[in-house]
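Let's take a walk through this model, from the way its parts meet to the spot where a ligand sits. Have the viewer open as you read.

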Amino acid sequence: MSVFSESIVTKINGYLGRYETKRSSILPILHELQDEYGWIKPEHLKGLSEEFGLPEVQVNEVATFYSMYRLEEPKKYRVLFCDNIVCHMMGADSAMAKIRHMIEDFEKKTGKPSPVSLQGVPCLGVCDGAPAMLVNKDRFLKVTEHNVQEIVSRYLDEASA
Amino acid sequence: MGNTTDKVKILTAFEGIANSRALATYQNHGGYEALKKALTMAPGDLIEIVKNSGIRGRGGAGFPAGLKWSFVPKAEGQKFLVCNNDEGEPGTFKDRYICELSPHMLIEGMAIAAYAIGAQKAYIYTRCEFYEEIAWLETAIKEAYSAGFLGKNIFGTAFSLEMDHYSGSGAYICGEETGLLSSLEGKKGQPKLKPPFPAVSGYLGKPTVVNNTETLASVPWIINNGADAYRAIGTEKAAGTKLFCISGPVQRPGVYELPLGYSFEKLLYEDAGGMLPGHTLKACIPGGASAPVLLPDELKGLTLDYESIAAKGSMLGSGAVMIIDTNTSMVRLMEIIANFFHHESCGQCTPCREGTGWIANIMHEIVSGHAKEEDVDRLAVIAKNMGGKTICALSDAAAMPTMAIVQKFGDELKAYIRKGKAS
Ligand SMILES: Cc1cc2nc3c(=O)[nH]c(=O)nc-3n(C[C@H](O)[C@H](O)[C@H](O)COP(=O)(O)O)c2cc1C
Ligand code: SF4
Ligand code: FES
């Protein structure tokens with residue numbers, strides 16, 4: 001039995017033949033797995049070597065080097081807030097503090113774990129819209145302590161509904 | 001030859017045009033004519049044109065593009081062209097703008113470059129956080145294939161080119177060209193010692209030219225209009241236009257295409273509309289986080305070109321002009337810069353790995369109120385010992401802004417230490 005679904009197997013095979021070497025397919029395959037399952041599970045790493053012949057050391061090397069791969073089960077919504085130079089000057093600290101507060105509040109009120117996580121990340125390449133954040137793949141610009149409540153509560157409310 | 005510092009729209013020619021990303025729009029405005037023309041010329045002549053245009057790499061180092069192309073061995077064989085669309089230098093968001101406005105301008109520039117250097121395969125390597133931009137690029141590549149601008153026998157010539165897109169995964173070091181190539185090979189994005197340079201031994205050990213997105217997107221205009229026309233823009237030593245990303249507490253942050261040699265004050269006060277109300281200029285980092293900070297006095301009369309900024313002890317870098325206001329604590333700013341480089345150091349070289357770690361530690365001590373005034377001088381000593389002995393330029397990139405902040409804002413750092421907080 002494969003640890004991968006049929007559609008993912010097709011995609012993996014596509015990547016394996018797409019580049020000059022099989023090894024180049026590791027990064028895109030890991031992205032694909034993360035898109036499909038939300039994160040990269042230990043059995044995926046093993047499965048890639050057992051089922052597709054990608055050496056486990058090579059796959060692990062990539063999975064651990066790059067910061068955008070998630071190797072632990074994530075929250076449903078992952079907020080990546082830019083805390084670099086420009087976003088800092090434009091108010092990232094207070095917006096992030098607000099999100100942290102909302103997460104704590106949610107957990108206190110509902111007794112449930114928050115579906116939203118918060119992490120600071122380096123410059124997102126959108127400093128003209130600072131402060132900036134990503135929620136999964138969606139980009140939000142000019143996120144300040146004044147409007148962040150409205151954005152993040154959408155994700156929290158969905159879980160408490 | 002008369003140089004002009006009047007504005008010319010090359011990279012931003014599609015600003016304000018509806019559906020600017022679509023192939024049809026691009027073609028309605030003369031798109032892919034430069035490629036058609038280029039394919040009637042000898043590759044060596046194209047390299048000469050790009051050399052004579054004077055265009056220098058827009059990724060940060062400013063290396064002459066035509067010269068780099070000429071280093072690729074002329075012998076037949078597998079060769080690659082790679083577009084560095086990693087855009088990780090803090091403060092930089094210009095390559096994103098090219099993806100947003102005119103992905104076909106980049107693809108056309110890449111096809112011309114690939115033909116000039118004899119590459120049969122080209123990659124665009126983009127940071128994965130640019131989700132939307134990547135989708136636009138992938139769409140544009142597909143469109144270019146369907147129209148016959150990529151693939152076999154382009155414009156009925158013997159030239160064939162395959163192009164693919166590749167996503168990074170959150171590592172600043174993959175913006176460094178040899179780190180990028182390691183990543184493209186499916187490895188950790190660790191830089192390699194140069195020489196050999198990628199033009200001789202790059203992706204999979206084959207000759208590979210790595211150029212920044214902005215560099216490559218400038219190529220169609222150069223081929224259409226000629227080297228002299230490009231050289232007439234900018235200054236004697238810095239030809240052409242450059243995308244400047246101005247950010248921070250200014251009225252109109254954004255990307256501005258300006259001739260090199262343009263006035264800094266015009267960019268800040270006219271194009272970007274000046275400071276936001278209630279904000280006062282304290283300093284400016286003119287070329288990304290790696291560039292040493294400049295004081296208001298040093299900014300007076302400054303022109304935006306490689307030589308003028310270098311003369312002030314900083315660098316034009318990627319063209320990321322970060323405006324810093326008096327509400328900003330240089331202690332916190334230095335802490336952010338220190339954490340960034342420490343986090344992004346790949347750890348291969350001791351001076352970089354240890355140096356960035358020590359600087360980050362000291363900054364943490366300062367911010368949390370546990371440092372002594374002597375620690376500020378220690379920052380400078382550590383930074384001085386990080387330069388010139390490493391595989392890539394990240395170590396220097398971390399050391400230079402540190403030295404500048406200590407030199408120019410040492411008093412602010414010490415005052416913070418005495419009080420245990422910002423004044
Ligand atoms: C730490 C580090 C990060 C870099 N990041 C980028 C980047 O994000 N984009 C880029 O084009 N060049 C970056 N560079 C410069 C590249 O190594 C290389 O010089 C450039 O891609 C060459 O293209 P160009 O000559 O067209 O500028 C970086 C260099 C270093 C040392
Ligand atoms: S200088 Fe730093 S980032 Fe560059 S290779 Fe050495 S350790 Fe890695
Ligand atoms: S500093 Fe936050 S997006 Fe660039």
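What follows looks at the domains of one chain, then the contact between the chains, then a ligand site.

Keep in mind that this is a predicted model.

Start with chain B. Its domain assignment splits it into domain 1 (23–231), domain 2 (241–325) and domain 3 (330–419). Take domain 1 and domain 2 of chain B: their C-alpha centres are 27 Å apart. On the domain 1 side of chain B, 17 residues are in contact with 18 residues of domain 2 of chain B. Together these two domains of chain B bury about 1400 Å², with 58% of that coming from carbon and sulfur atoms. Which three residues supply the most of what domain 1 of chain B buries against domain 2 of chain B? They are B:R56, B:R58 and B:F93, and they account for 33% of that area, more than any other three residues.

B:R56 turns up again in a salt bridge, where its side chain meets that of B:E307 at 3.1 Å, N to O. The count between domain 1 and domain 2 of chain B is 2 salt bridges.

Now for the two chains. The contact draws 36 residues from chain A and 56 residues from chain B. Here is how the buried areas look for both pairs of parts.

| Parts | Buried area | Given by carbon and sulfur atoms |
|---|---|---|
| Domain 1 and domain 2 of chain B | about 1400 Å² | 58% |
| Chain A and chain B | about 3600 Å² | 60% |

Across the interface of chain A and chain B there are 5 salt bridges. In a salt bridge you can look up yourself, the side chains of B:E133 and A:R139 meet at 3.0 Å, N to O.

Last stop, ligand 2. The space it takes is the largest cavity. Ligand 2 has 13 residues around it, and those that come nearest are B:C346, B:Q348, B:C349, B:C352 and B:C392. Charged or uncharged, what makes up that shell? The shell around ligand 2 holds 8 nonpolar and 5 polar residues, and no charged ones.

Conventions: Residues numbered from 1 in each chain as written. Chains lettered and ligands numbered in written order. Predicted model: local features only at pLDDT ≥ 70, side-chain atom pairs only at ≥ 80, totals over all residues. Heavy atoms only, no water. Near = heavy atom within 4 Å. 1 Å grid on protein atoms, 1.4 Å probe; cavity = no way out; pocket = protein on both sides within 12 Å on 5 of 7 lines; lining within 4 Å. Sits in = over half its atoms within 2 Å of the grid points. Nonpolar A, V, L, I, M, F, W, Y, C, P; charged D, E, K, R; others polar. Domains from an automatic or database assignment. Contact = heavy atoms within 4.5 Å. Buried area = accessible area lost by both parts, 1.4 Å probe. Salt bridge = Lys/Arg side-chain N within 4 Å of Asp/Glu carboxyl O.
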